[in-house]
Amino acid sequence: MPSTSLAPFAIEPLEREAIWGGHALVERYGKHAPAGTTIGESWECWDENRVRGGAFAGKTLAELRAELGQELTGHADPVAPFPLLTKLIDARHSLSVQVHPGDDYARRVEHQPNGKSECWYVLEAEPDARIVLGWNRDTSRGEYLERIKDGSLGSLLRHVPARPGDVFHLPAGTLHAIGPGIVLFEVQQPSDLTYRIFDFNRLGPDGKPRPLHVEKAADVLDFKESSAGALQTLRYQLHGLKRTVLVAEEYFIVERVALDDEFRGLDLDGSPLAVLALSAPIELEARGFSVRLEPYETAIVPAALETIMVRAVGADAAMLTAEPPADRETIERRFSRAAVPFADSTAFLAQF
C-alpha cells in the first residue's frame, strides 16, 4: 500500500534565461523572472524541481526518489534520475541547429545514463513559423563536415511549417532546430546533452561564441533524407475522459486530455505521471488529497497511487500528461480497453 501521505503534488518550475528567449512565458504562461529578462525555458518536471506544498514541500524530485523509491517511480529505477524532463519553451529567435545522442553514445562517450529523444507540442506559432527537421536529401558525414567548413550547410536543412496543435517526434540522431515565433511544450528523456552544429554566430552571456560540437554531432547524426512532419494523433475515450494520444514511443507517452466539471478516473498503468494544466484551472485528487493547478502549472502523480481523479475548474479545461511507459504494450493495452479499432492503433503506432 502507498504511504498515507502520498498524494499528487504541484512542483515549482525552474525558469532559465536564454539569448533566443522572450517574454511569453512570463506574460502569458504564469512564470516569473525579473523585468526585462528573456526566458527561453521553464523546466516543469526535472530531478531538481521542488514540491510547492503539502507533506513534501521544499523537497526535490531527486530527494523524493530516495525517500519514496518505487512508490514514486513505479517500474522506473528510483536510483536513476526521474525518468521525464518536461519544459515550456519560448523561441523568440531561432535556437541553434543541433542533435542529441542516443543512449549507447551517451553512456560510452559522455558517461551519462541516457541520451535524449524528445517531442514537441506546439502551443503558439506565428503564421510563418517553421522548424528545422532533418535533411532535405541524403547526405554523409564527409559532406556534412565540408559544408560546415564552407558555410553552405543551410542548403541541406529541411524546413517544416509549425502550427498550434502540431506534434513533432524527434528521436535521438535527428537534426533539428526550433524557429522563431514558437512556444511549445517539450517532453524528453532526462538529459541535457545537446550537440550544437550552428548557432547563427551569436555570442553567449560571456560575450564569446557558444561552443559547437561538430565532430560529436557527426558521430550521432542520421544522414538520411527526412520525410518527417507533424504526427497524426489518435483520439479515443476511456472512463468518460476524451483523450488524444500525441506520442507513444519507448521513453514516453504524451496525451492531451479534455476535462469537464465531474471527477473522472485516469489509471497510471504503473508509471508516474507529469500533468500540465493548459489554459484553464484543473483539480487532481487521490486518497483524499487534492491539488489545484492554475493554467500552465505542473503536478507529479506518484505511480503507487494507481488512479488519479481529474476534473475541470474552468471552462474548456484540458491537460497534457506525460509518462514513462513500462513497455510498448502499455499504450496497446490502453487502446484495447478503450476499444480503439485495430487499424487505427496500428497506423498511429507505425509513426514511432
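The following questions and answers concern the sheets, helix packing, nonpolar cores and aromatic pairs of a predicted model.

Visitor: In what order do the strands of the open sheet of 7 strands lie?
Guide: The pairing in this open sheet is antiparallel. Neighbouring strands are turned by 30 degrees against each other on average, direction ignored. The order of the strands is β1-β20-β17-β22-β15-β14-β13.

Visitor: Which strands of that sheet have one side left without a neighbour in the sheet?
Guide: A strand with a single partner stands at an edge, so one of its sides has no neighbour in the sheet. At one end of the order, β1 is joined to β20 by 3 bridges, and Phe9 stands opposite Ile300 there. At the other end, 5 bridges join β13 to β14, with Tyr236 opposite Arg243. The edge strands are therefore β1 (9-11) and β13.

Visitor: Which residues of strand β20 point one way, and which the other way?
Guide: Strand β20 covers residues 298-301, and its four named residues are all buried. This strand is joined to β17 by 4 antiparallel bridges, and Leu276 stands opposite Thr298. Thr298 and Ile300 point one way, and the other way point Ala299 and Val301.

Visitor: How many residues does the largest nonpolar core have, and which strand gives the largest share of this core?
Guide: Among the residues with the most contacts inside the core are Phe9, Leu293 and Ile300. Leu293 touches residues including Ala10, Val275, Ala277 and Ala299, not counting those up to four places away in sequence. The core has 61 residues, and its largest share, 5 residues, comes from strand β17 (residues 273-277).

Visitor: How many residues are in the other core, which lies apart from it?
Guide: This other core lies apart from the largest nonpolar core. Tyr144, Leu156, Leu175 and Val220 are among its members. Its residues number 20.

Visitor: Why are the buried residues of helix α7 on the same side of α7?
Guide: The helix spans residues 329-337, and its buried residues are Thr330, Ile331, Arg334 and Phe335. An α-helix has 3.6 residues a turn, so residues three or four places apart point the same way. The four buried residues of α7 lie on the same side because they cover an arc of only 135 degrees around the axis.

Visitor: What covers the buried residues of α7?
Guide: The cover includes a helix as well as strands of the open sheet that contains β13, β14, β15 and β22. The helix in question, α8, itself lies across β13 and β14, running at about 40 degrees to β14. The elements that cover the buried residues include β13 (234-238), β14 (241-248), β15 (253-258), β22 (318-323) and α8 (342-349).

Visitor: What kind of pair do the rings of Phe335 and Phe348 form?
Guide: Phe335 is in helix α7 and Phe348 in helix α8, 13 residues apart. Phe335 has a relative accessible area of 2%, and Phe348 has one of 3%; the cut-off for buried is under 20%, so each is buried. The ring centres are 6.2 Å apart and the planes stand at 80 degrees; planes over 60 degrees apart count as edge-to-face. The pair is therefore edge-to-face.

Visitor: Which residues form one aromatic cluster with Phe335 and Phe348?
Guide: One member of the cluster, Tyr236, stands opposite Arg243 in β14. The cluster joins it with Phe335, Phe348 and one further residue. The residues that complete the cluster are Tyr236 and Phe352.

Visitor: How many residues apart are Tyr105 and Tyr195?
Guide: The structure holds 11 aromatic pairs. In one of them, the rings of Tyr105 and Tyr195 have centres 6.2 Å apart and planes at 80 degrees, so the pair is edge-to-face. Both tyrosines are buried. Tyr105 lies in helix α4 (residues 103-110) and Tyr195 in strand β12 (residues 195-198), and the separation is 90 residues.

Visitor: Which are the edge strands of the open sheet of 6 strands?
Guide: This sheet has antiparallel pairing and the order β2-β3-β4-β11-β6-β9. At one end, 5 bridges join β2 to β3 (residues 39-45), where Leu14 stands opposite Trp43. Each edge strand pairs on one side only, and these strands are β2 (14-22) and β9 (167-170).

Notes: Residues numbered from 1 in each chain as written. Predicted model: local features only at pLDDT ≥ 70, side-chain atom pairs only at ≥ 80, totals over all residues. Heavy atoms only, no water. Pairing = 2+ DSSP bridges. Helix = DSSP H or I, 4+ residues; strand = E, 2+ residues; numbered from the N terminus. Buried < 20%, exposed > 50% of the residue type's maximum accessible area, 1.4 Å probe, protein only. Arc of directions from axis to C-beta. Contact = heavy atoms within 4.5 Å. Core = buried A, V, L, I, M, F, W, Y, C linked by side-chain atoms within 4.5 Å. Phe/Tyr/Trp six-rings, centres within 6.5 Å; stacked < 30°, edge-to-face > 60°. Axes fitted to C-alpha atoms, helices over the stretch in contact; angles between N-to-C directions.
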